[in-house]
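Q: Please take a close look at a single part of this model, the sheet and what packs on it, and then set that part beside the nonpolar cores and the aromatic pairs found elsewhere.

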Amino acid sequence: SIKKHLKKYIGLFILFPSLHHHHHLVLVCLLGQGGASPSAVADAMVDAVVEFVRKKQPRFVQSVKILIFQTAMLNHFHTSMKKRQGETVEEKTVFDKVKGMSLFIVLGFGSESSPVDLVLEREEFEPTVFQLCADDNKALSQAKKRINDLIVAEQAQKTISDPFISQLSQADMEELKALQRKLTVSIRLDKGAEDQDPEIHLEGLTRDVFTAESAVERAENSKRQALLVSSLVEWQFPDRSGSMVAFDIYTNLKLEEALEKKQKVKIKINNEPYTADPGLRKAVSANRRNLELLRKDLKGESLIALPSCWEDMKGDLVKLFALTPGAQEYNNVEQELTKTGLYLNIISIERVQNPALWQNYQILKKQMETKNKHTNNERLLFHGTTDTSIHLINSKGFNRSYAGKNGAMYGNGSYFAVDPSYSAGNYAKPDTSGQKRMYQARVLVGDYAQGQRGMITPPPKSGSASDLYDSVTNNTAKPTMFVVFNDIQAYPEYLITFT
């Protein structure tokens with residue numbers, strides 16, 4: 001169809017596969033021969049692509065790039081695209097706007113719910129131009145090298161690889177697209193081959209990449225948390241016929257978290273706002289319409305078994321259970337605490353039961369064992385904290401956004417000590433009554449490397465930017481401290497309160 005549209009302008013067009021990616025086609029417009037009208041040339045090229053999409057429904061070409069060398073042609077192409085924008089070409093076809101000297105038509109296919117159909121349009125940013133003048137080439141080269149060095153020093157690249165990326169919605173993708181503009185960070189989605197996890201590539205200023213990475217991982221963790229909670233419990237409401245139907249996974253998570261906190265929460269049922277009281281199992285609309293809610297426990301159908309020592313949580317999302325002094329479990333924790341000669345006046349040892357966080361952790365553990373080809377990835381480590389942080393850690397895990405504030409010598413992550421004396425003495429801050437708190441945590445240190453100040457991820461293992469070490473340490477030969485950069489890479493198994 002492209003040849004048919006362009007045959008009267010032979011010599012004006014070159015059609016070739018992109019050298020960078022076999023899923024892209026580049027149309028190059030070379031105007032100046034044959035006396036063809038610029039607007040006719042623009043219409044012919046756009047018409048060709050539109051017909052190609054409409055009739056062929058391509059599955060392999062992901063984008064078409066029209067490269068224009070003459071600036072005078074830019075308006076003609078923009079006008080031609082605007083003319084076609086109102087037409088129904090195909091449900092998921094998107095005309096992107098003109099950006100700089102390039103013009104893109106991005107093709108996305110299929111339904112929004114299918115993982116492979118996610119579309120994330122990469123933002124194109126106007127380049128900054130440096131004009132250098134000097135007496136000789138040597139001075140010019142030195143100045144150019146210095147500028148390049150400064151740019152590279154401020155630049156960061158980060159690849160996030162996770163199977164849960166494929167579970168993100170198109171709405172999540174739109175949020176990431178908006179984030180690109182806000183932070184001037186390039187965010188690229190790579191759906192990956194069948195046997196590979198999808199990846200999101202970030203590139204830009206170091207501080208902005210760190211912010212964007214946190215946003216991506218929040219979206220990822222939110223999806224992961226919602227999916228795992230939905231495997232443990234299912235909240236339902238009556239539809240118009242009276243049959244009980246399940247909420248979407250995000251509302252399901254909101255209701256379960258509100259139940260844990262004994263709070264009311266605003267939700268939508270049939271697109272109408274309701275205030276739900278999960279404790280009373282009811283929801284009330286603005287016009288006083290009452291709906292009964294049902295909470296179905298799916299714990300028996302859980303994908304990953306919970307520890308056999310865990311006790312019945314009676315519907316709670318997170319619950320702490322005090323261990324009995326003298327019991328085997330209590331003695332095991334006490335033995336770990338005192339193995340380096342530390343003496344503590346222990347007030348309590350509590351087991352933290354958080355099924356969703358536990359399952360997240362176990363999924364990552366299995367992935368790490370497959371990736372590293374060994375099972376020696378987990379350590380029991382210690383983390384001192386304050387009484388104001390324990391609720392957040394119990395419910396969400398060790399959030400690196402709040403970690404590494406005191407020095408962060410080995411990277412901006414969550415810090416764990418091999419020796420409990422270090423955590424107890426340096427980071428377990430007393431509350432108003434003099435009590436201190438420290439966690440014994442399971443931590444997936446995996447394969448580790450030397451940490452450095454300013455790190456936002458572990459360094460690459462090999463030449464591949466996506467093949468990273470799992471954690472970093474203060475001393476690879478004899479580690480006394482580990483830093484992890486993923487919030488679900490550690491599980492707060494026991495909370496020790498002491499003086």
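A: In this predicted model, strand β11 and strand β12 (residues 272-277) run antiparallel and are joined by five bridges. One residue pairing can be named here: K268 has P273, in β12, as its bridge partner. Helix α7 (residues 249-261) packs on the sheet, where it touches both β11 and β12. The direction of α7 makes about 150° with that of β11.

The sheet as a whole is open and consists of four strands in the order β11-β12-β13-β14, with antiparallel pairing. Its edges are formed by β11 (265-269) and β14 (290-292), each of which pairs on one side only. Direction ignored, neighbouring strands of this sheet are turned by 35° against each other on average.

The nonpolar cores come next. The largest of them has 23 residues, and the members that touch the most others are L381, F398, F416, Y439, V443 and Y491. At least two residues of this core are supplied by each of α9, α10 (390-396), β20 (436-444), β23 and β24. The largest share, five residues, comes from α9. Apart from this core lies another, of 22 residues, including A226, W235, L259 and I269.

L381 can be followed further. When its neighbours within four places in sequence are left aside, L381 is in contact with F416, A417, V418, Y439, Q440, A441, V443, V445 and F482.

The aromatic rings complete the picture. Nine aromatic pairs are found in a search of the whole structure. In one of them, W358 and Y491 meet edge-to-face, at 5.2 Å centre to centre and with 85° between the planes. W358 belongs to helix α9 (residues 355-372) and Y491 to strand β24 (residues 490-498), so this pair ties together parts that are 133 residues apart in sequence. Both W358 and Y491 are buried. Ring pairs also place these two residues in a cluster with W310 and Y361.

A further pair is formed by Y448 and F482: the ring centres are 5.0 Å apart and the planes stand at 80°, so the pair is edge-to-face. This pair links distant parts of the chain, 34 residues apart, with Y448 in strand β21 (residues 448-450) and F482 in strand β23 (residues 481-484). Y448 is partly exposed, with a relative accessible area of 24%, whereas F482 is buried, with a value of 0%.

Definitions and conventions:
Residues numbered from 1 in each chain as written. Predicted model: local features only at pLDDT ≥ 70, side-chain atom pairs only at ≥ 80, totals over all residues. Heavy atoms only, no water. Phe/Tyr/Trp six-rings, centres within 6.5 Å; stacked < 30°, edge-to-face > 60°. Buried < 20%, exposed > 50% of the residue type's maximum accessible area, 1.4 Å probe, protein only. Core = buried A, V, L, I, M, F, W, Y, C linked by side-chain atoms within 4.5 Å. Contact = heavy atoms within 4.5 Å. Pairing = 2+ DSSP bridges. Axes fitted to C-alpha atoms, helices over the stretch in contact; angles between N-to-C directions.
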